[in-house]
Structure formats: C-alpha cells, structure tokens
Amino acid sequence: MATKEKLRTKAARLREEARETGKVVFRAPALVRTAECVIRFLLGALLAGAEIFGGYAPFGLGLVGASGSGLDGFCALLGACFGYLTMQGLPEGLRYTAACILVFSVAFAFFDVKAYRKPWFMPLAAGGMDAVTGFVYLSDQGWTRESLIFFGTELLLCGASAYFYRIAFTPWTEKREEEGLTSRQTVSLLILAGTLLLTLSNLMLPGELSVGRLAAALAVMATASRGGIGVGATVGIAVGLGMDLAAGGMPFYAMAYALSGVMAGAFHRQGRLATAAAYVLSNGLAVLWSWEDGLHIALLYEVFAASVIFMLLPERALRQVGSLVAAQPRQDTRERARAYVRTRLEETAAAFKGLYESMRLTLRSGRPNDGDSAAVFDRAADRVCKHCSLQNACWQRDYVSTFNALNDALPAMLERGRGEGGDFPAYFSNRCLKFSEFLAAANEEVAALLYRRQYQSRMRENRAAVCRQYGELAQVLGTAAAELGAELIPDPVREKRLRQYLTAQGIECELAAYYDEAGHLRLELEGAGLAPLRQAAGVEKLSKLVNFPLRVVEGDRRDRLVLVQSEPLMAVAGAASKRKDGQMVSGDTGAWFKHDDGALYVLLCDGMGSGRLAQRESSLAVRLLEQFLRAGVRPENALRTVSAALALRGEEEIGFTTVDLLRVDLFSGDASVYKYGAAPTYIKKGAAVSRVTGAALPAGLAGGEGGLPDVSQLKLDAGDCVVLITDGVTGGGSDQWLRDKLAAFDGASPKELAQALLEEGEKQSGAADDRTVLVIKIARR
C-alpha cells in the first residue's frame with residue numbers, strides 16, 4: 001500500500017510538472033514493470049513446486065502473502081495457482097490454490113487498514129489461510145502425530161517465508177540512499193534462493209543428477225571463492241537445509257555443503273583451482289563419512305559437474321558475485337564522529353588563523369598620521385593667523401625663523417602638556433600681534449593631540465589583544481584537532497584477557513583497551529555492576545591482569561569507569577598561607593590537580609595589592625587557567641589567553657595578578673615553570689638549591705605582540721622538591737635563609753616545611769603583604 005501511494009504521488013507530481021512546463025513527461029519504461037510482473041509469476045510457479053516432508057508446499061503461498069494486493073500480488077497469485085495445479089496435482093493443488101486466493105483477498109480487502117502496513121499482518125494472514133484450508137483437507141485423511149508435526153511446521157514456514165520474501169523484495173520496492181544490501185536483506189535473499197532450489201532439486205538429469213543440487217554446489221563454490229569462510233559456510237548451510245527438506249531425511253546436505261563451503265573459503269585466496277579442489281575433496285569426505293546411511297554417489301557427480309562449470313565461469317560473473325557477498329568494512333560510528341569533529345576543528349582553526357593574519361597585517365599597515373606633533377601649530381595658525389596682517393611675513397618671508405621658533409617650543413609643550421610664553425623665543429613672541437590667542441589655540445591643539453595619542457594607543461593595544469586572542473584560539477583548535485586525529489593503538493590481547501575476567505565475574509559491559517597519543521594504556525568500561533572494580537582490590541586485580549599499574553579517573557557516571565596507566569612518580573604537596581595584617585581575606589590563591597595524561601599542575605597567583613579585590617583577581621586567574629588546562633589546552637596558550645583576557649578586563653577595573661605555574665610529567669619527570677611577574681621558584685635536587693626567576697610582567701599587564709610568559713625547563717626525579725612562594729614571603733629582600741632551610745629539608749613533611757618557611761618569612765620581612773608557600777616533593781610510587 002505504501003508503495004502504491006508513493007507511485008500515485010509521484011505520478012500526480014509528474015503530471016503537474018508537465019502541465020506547468022508544457023512538456024511531455026515520460027514515465028519509467030513499461031518493459032521494466034512488465035519484467036517485474038513476469039518475475040513474480042515465475043517465482044510463484046517455481047515456489048509452488050517446492051515440496052517438503054513429501055507433499056507440503058507452503059512457499060508459493062508465502063510469496064502471495066509477501067507480494068500484497070497490487071499488480072505484483074496478482075501476478076504472484078497467478079503464478080502460484082499455475083504452479084500448484086500443474087506440479088501438485090488436482091487435489092493438493094486445489095487446496096493451495098484456494099489458500100492463495102484467500103490470502104490475496106485479505107490483502108485486497110485490508111489494503112487501506114493501518115494494520116496492513118505492519119510487517120506481521122500478511123505473514124499472519126498467509127499462515128491463517130493455510131491453516132483453514134489445510135485443516136479442512138487433512139481432517140478427511142485423519143490426524144496422526146506425524147501429520148500434526150508436519151502441518152504445524154508448514155504453517156510456521158508459510159508465515160516465515162511471507163515475512164522474509166517481503167524483505168528480499170525491498171531492494172526493488174523501496175529506494176534506499178545507502179548502497180549494498182543489509183544483513184536482513186542478504187539472509188532473506190538466501191532463504192528465497194534456498195526455497196527455489198527445492199523445486200529445482202526435483203528436476204532430474206540422466207544419471208539421477210539433480211539440477212537443484214548442482215546449482216546449490218555451484219552457488220556455494222562461487223560465493224566461497226569471493227567471500228571466504230564465513231560466506232561459504234552461511235550459503236552452504238542455507239542451501240543444504242533446503243536440499244534436506246526436499247529429501248525429507250537427516251541433515252546430510254547441510255553438513256556436506258557447509259563443510260565444503262568452509263574448506264573452499266579457506267583456500268579462496270589461492271585461486272579458482274585451489275578453491276574447486278578443496279570443495280570437491282571435502283565433499284568427497286562428507287560422502288564417505290555418511291557411508292552407513294547410504295552412499296550418495298550422485299552428489300559426487302553433481303559436485304564434479306559444478307566444479308567444471310565453476311572453472312569455466314567468466315571472471316566478470318565471479319566479480320558480480322563478489323560484489324554481492326563481500327563484507328562491507330564497518331567504520332565505527334565513534335571514529336566517524338571523531339573524524340568529522342577533527343575536520344571541523346581544523347577548518348575552524350584555519351579560518352581563525354587567516355583572520356589573525358589579516359588583522360595583524362591591517363594593524364601594522366600605514367595609516368594617516370593624526371598624531372603628528374607638527375600639526376599642532378598648523379591648526380593653531382589656521383585659526384589665529386589667517387586674518388593677521390603679518391601672515392605673509394611670518395609664514396612666507398620669515399618661514400625658517402618661524403619654523404625654528406615653534407620647533408624649539410614644541411618639546412617643552414609636549415612634556416608639560418601645555419605651552420607657556422617662555423617656551424617661545426623672544427623674537428617670535430614679541431613680533432606676534434596675537435601671541436596670547438595663538439598660545440591658547442596651540443594649547444588646545446596640544447591637549448587634543450595628547451588625547452588622540454592616548455586613544456590611539458589604547459585602541460592599538462585593544463586591537464592587538466583581540467588579534468592575539470584569535471591567534472591563540474587558532475592554536476588551541478589546531479592542537480585539539482591534532483589530538484583528535486592522533487591514532488589510538490588498540491591492545492586486543494589485554495582486551496581479550498579483561499573480557500574473559502569480567503565475564504567470569506558476571507560483569508557485562510562494553511570494554512575498550514588502547515594506548516593514547518603518549519603511549520599510555522587506557523581502559524574504558526561502560527555498563528552495569530562496575531562498582532566492585534572501583535575499589536582498591538578491584539583496581540589491583542585489573543592491574544595484575546594487564547601487567548600495568550592502574551588508577552581510576554573519577555567521573556560523575558556510575559555506569560562508566562575509566563582506568564589509566566598509573567605514573568611511576570607521585571607528588572606530595574604541602575601548603576601554608578597567611579593574610580596581610582588588617583585584612584579579612586588573602587589576595588593569594590593556589591591550586592593543584594593531576595590531568596588524565598599524568599601531568600601534575602600547580603598554580604599560585606598573587607592579586608594586585610591585598611584584600612578582597614586582590615583575592616578576586618587571583619582566584620579568577622586560577623579558575624580560568626584550571627579550566628583551560630583541564631580541557632587539554634597547552635600551558636603557553638592558556639597563559640596567554642588568560643593574560644589577554646585580564647588585560648581587556650582591566651579596561652574598566654585596573655587590576656592584574658602574578659601567575660606561577662608548575663607542570664610536572666609524572667611519567668618522565670620533565671617539568672616546566674611558567675611565570676608572569678611571579679616571585680622566584682626554588683628547586684632542591686640532592687643538597688643543591690637553585691632558583692628560577694622571570695622578567696615578564698604580571699598577567700593583565702603583559703601586553704604587546706608577544707606577551708609571552710617566562711618558561712624554564714627542569715628535570716625532576718624522586719626526592720626532588722619544588723617551592724613556590726608569593727613575593728610577601730621574602731618581601732623583596734634576601735632569600736638566603738629560604739635556601740638554607742630548603743637545603744636542610746630531609747623530605748619528611750612538605751607541610752611542615754611550608755609552615756616553617758611562612759613563619760621564618762614573617763620574622764625576616766614582617767607581615768606587610770599576603771604570604772603563601774607551596775612545597776611539592778617528588779617521590780617514587
């Protein structure tokens with residue numbers, strides 16, 4: 001019904017287009033439609049002759065149920081009636097013919113009912129009509145246990161064939177955007193082909209050779225040669241079951257064809273001869289194994305004849321078979337999504353980079369100089385000297401002396417912000433008839449000039465900051481795209497081992513084991529019952545299974561568990577802080593956290609001044625930096641982005657903050673110290689203590705085209721210590737006492753060292769500023 005409605009809608013649309021354009025619109029060739037009807041008729045006739053259990057033939061009836069109520073159904077009805085009456089004889093043929101007519105009548109009567117469109121309606125109708133006619137017919141012969149079993153099987157096969165035949169015809173009746181056949185369509189086509197072979201199996205050649213079995217052997221051989229073991233076994237079982245149903249005996253043919261299909265598929269890469277030889281030999285073994293049930297000599301001849309035909313088939317025909325049975329490579333949906341997101345990020349990054357380059361070149365290009373100091377006197381002269389009687393004398397005849405007088409006065413005027421009478425030479429001020437007016441006009445122009453310069457300077461800074469933000473954003477997006485494009489190497493051995501363990505524990509979940517871009521093992525589990533694996537004992541057990549130390553990455557989902565390879569190094573932190581005397585809160589803010597990639601980040605910011613405003617600036621910087629770093633943004637990009645944002649924010653509220661950032665790779669011990677105007681950082685390696693300083697301005701003041709933080713590279717190992725402080729600890733004085741205490745530190749308690757440094761700093765420098773100490777000790781896990 002749905003197909004008829006689509007055709008009617010399309011026909012109406014084509015007629016409307018023809019009326020509007022005045023052109024004749026041709027429908028699809030009638031020959032194609034005629035061919036479809038002929039195929040339905042032939043299939044109905046052939047399937048009507050497919051017998052099982054020595055007299056049951058439900059497959060022609062199933063085709064009528066699958067074809068529906070339209071012209072296709074009518075052609076299938078005619079073919080099935082013709083086949084039943086000619087192949088089954090008059091008594092049996094009349095029974096199935098009556099059932100076919102009833103099925104077509106049901107489809108015709110209910111074609112506009114909603115239930116008709118359900119996939120179960122026509123299979124149920126076909127089975128029901130078969131049950132009605134069969135019950136009447138078989139009741140006259142008497143019921144036996146065997147007849148009840150066969151009759152029930154026929155009803156099931158009738159409904160199932162109607163269901164699968166409909167799916168097999170969907171490539172004709174439904175237009176789909178995707179290419180190739182789905183698994184359901186492939187299975188349905190195999191069922192249709194297998195039931196057709198039931199009819200052909202009764203067509204005998206001289207020597208008791210069956211045309212159906214010969215065709216079945218050829219089909220298995222051809223599909224196995226192109227599709228491999230899986231396809232060969234599947235097709236072998238499908239056609240073998242059909243032959244066994246036709247023979248009414250034990251499933252010998254299913255075993256023989258499936259075994260031959262497997263062996264032929266195993267040698268399908270060695271060429272046609274190897275494939276045919278493997279098929280013939282394995283089929284011969286199957287015949288010998290069934291010696292006690294009777295020697296199937298005819299099967300050997302059929303297989304030999306099929307192998308000869310197989311060797312003579314043109315390569316083009318086999319390629320067509322290969323295109324139907326070749327396994328389509330499945331691309332994981334997540335991989336497709338990652339590739340799509342990566343492409344979009346790369347394109348976006350390229351767009352922002354282009355915008356950054358365009359703006360940078362525009363900002364550097366030459367513009368009319370509205371801030372030229374020489375224009376001060378030109379504009380003042382236009383206002384005052386235009387109507388003066390000495391205009392020609394001052395600006396033409398004595399132009400050089402006038403120019404020198406004004407040029408001598410200009411530096412003092414610009415430095416002071418306004419001019420005075422003493423700035424000009426006496427010969428100029430005494431000669432000028434409107435000197436006071438000229439000086440007032442010049443002062444106005446100087447003030448306007450300074451305002452313009454200040455405005456242009458601020459505009460250049462703001463534009464440069466925005467331009468840098470575009471550049472930073474382009475780099476961040478490019479880095480994210482590169483990470484998405486990084487190949488993640490799976491570990492099937494460990495994944496299989498874990499899957500076996502989880503199955504034994506009764507935990508059903510989706511599991512993935514792979515190595516990230518840094519080469520570290522990562523496990524992702526998703527499903528129910530993961531709580532025991534979060535416990536220390538569960539993590540330890542999984543660590544032993546994969547032979548890697550693991551740790552749990554905390555998340556907010558109970559049905560998802562992520563474990564990553566644990567780092568060989570660990571960090572023990574100690575902190576101590578004290579606010580400035582007379583203040584309620586400290587202007588210092590610190591934080592530390594560990595990223596999934598095994599990197600430890602330690603942040604310490606000191607806001608301008610002290611108190612609540614300083615605390616707001618420092619906490620804002622720490623919060624923004626932590627968000628960027630947790631998102632995987634590189635420290636350089638994160639620092640520059642936050643510094644530029646603080647600079648733009650400072651347009652309204654003047655404020656800045658120092659930034660001290662320590663990053664330690666706990667796998668390798670490689671470390672980096674990033675500074676924006678921060679106090680020195682102290683590193684203890686063995687008995688030696690070194691100091692890391694920087695010259696960059698605090699975040700929010702670091703302007704210009706660069707605005708880069710100071711970066712120092714370190715190599716840390718177990719036993720090393722790093723101390724981060726704010727400038728209130730040393731007060732800008734000598735820090736030798738701090739070095740001595742750090743050198744004497746035995747590594748027992750970083751927290752005690754931090755408190756001791758804080759107390760000693762108060763003794764040395766007083767409590768005139770907020771003070772914070774962070775001590776990081778590196779240890780081996």
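Start with the whole chain shown as a surface: the protein chain has an accessible surface of about 40,900 Å², and carbon and sulfur atoms hold 58% of that. Keep in mind as you go that this is a predicted model.

**The whole chain**

Switch to cartoon. You are looking at 28 helices and 17 strands. Colour by burial if your viewer lets you: of the chain's 781 residues, 43% count as buried. The contacts are worth a look too. Taking those in the protein chain with a separation of 6 or more, 67% are between residues 24 or more positions apart.

**Stop one: helix 3**

Select residues 59-67, which make up helix 3. Is this helix enclosed or open? Nine of its nine residues are buried, so the rest of the structure largely encloses helix 3. Click along the helix and you'll pass F59, G60, L61, G62, L63, V64, G65, A66 and S67, buried in each case. Then go one step on to G68, which follows helix 3 and has a positive phi, near 85°.

**Stop two: the rings**

Now show the side chains of the aromatics. How many aromatic pairs does the structure hold? There are 15. Take Y116 and F121 as an example: this pair is edge-to-face, with 6.0 Å centre to centre and 65° between the planes. Both Y116 and F121 are buried.

For another geometry, select F593 and Y601. Their ring centres are 5.3 Å apart and their planes sit at 25°, so this pair counts as stacked; the cut-off for stacking is under 30 degrees. Both F593 and Y601 are buried as well. Stay on F593 and add R630 to the selection: R630 lies over the face of F593, at 4.3 Å from the ring centre.

There's another arginine of this sort to pick out. Select R40 and F169, and you'll find R40 over the face of the F169 ring, at 3.9 Å from its centre.

Before you leave the aromatics, select F74, F104, F108 and F111 together. These four form one aromatic cluster.

**Stop three: D491**

Jump to D491, in the loop between strand 3 (489-490) and helix 22 (492-504). Is D491 buried or exposed? D491 counts as buried because its relative accessibility is 7%, and the limit for buried is under 20%. Show its side chain along with that of R494: the two side chains make a polar contact at 2.8 Å. Then bring up A513, Y514 and Y515, which D491 touches when residues up to four places away in sequence are not counted.

**Last stop: strand 17**

Finish with residues 771-780, strand 17. Which strands pair with strand 17? One is strand 8 (residues 569-578), joined to strand 17 in the antiparallel sense over ten bridges. To find your place in that pairing, label A575 and its bridge partner in strand 17, L774.

Strand 16 (residues 721-725) also runs antiparallel to strand 17, with five bridges joining them. Here the handy labels are V723 and V775, since V775 in strand 17 is the bridge partner of V723.

As you step along the strand, remember that side chains in a regular strand alternate between the two faces of the sheet. Colour strand 17 by burial to round things off: eight of its ten residues are buried, which leaves the strand mostly covered.

Note on methods: Residues numbered from 1 in each chain as written. Predicted model: local features only at pLDDT ≥ 70, side-chain atom pairs only at ≥ 80, totals over all residues. Heavy atoms only, no water. Buried < 20%, exposed > 50% of the residue type's maximum accessible area, 1.4 Å probe, protein only. Helix = DSSP H or I, 4+ residues; strand = E, 2+ residues; numbered from the N terminus. Pairing = 2+ DSSP bridges. Polar contact = N/O pair within 3.5 Å; in protein donor to acceptor, adjacent residues only side chain to side chain. Contact = heavy atoms within 4.5 Å. Areas by Shrake-Rupley, 256 points an atom, 1.4 Å probe, with all protein chains shown as cover. Phe/Tyr/Trp six-rings, centres within 6.5 Å; stacked < 30°, edge-to-face > 60°. Lys NZ or Arg CZ within 6 Å of the ring centre and 35° of its normal.
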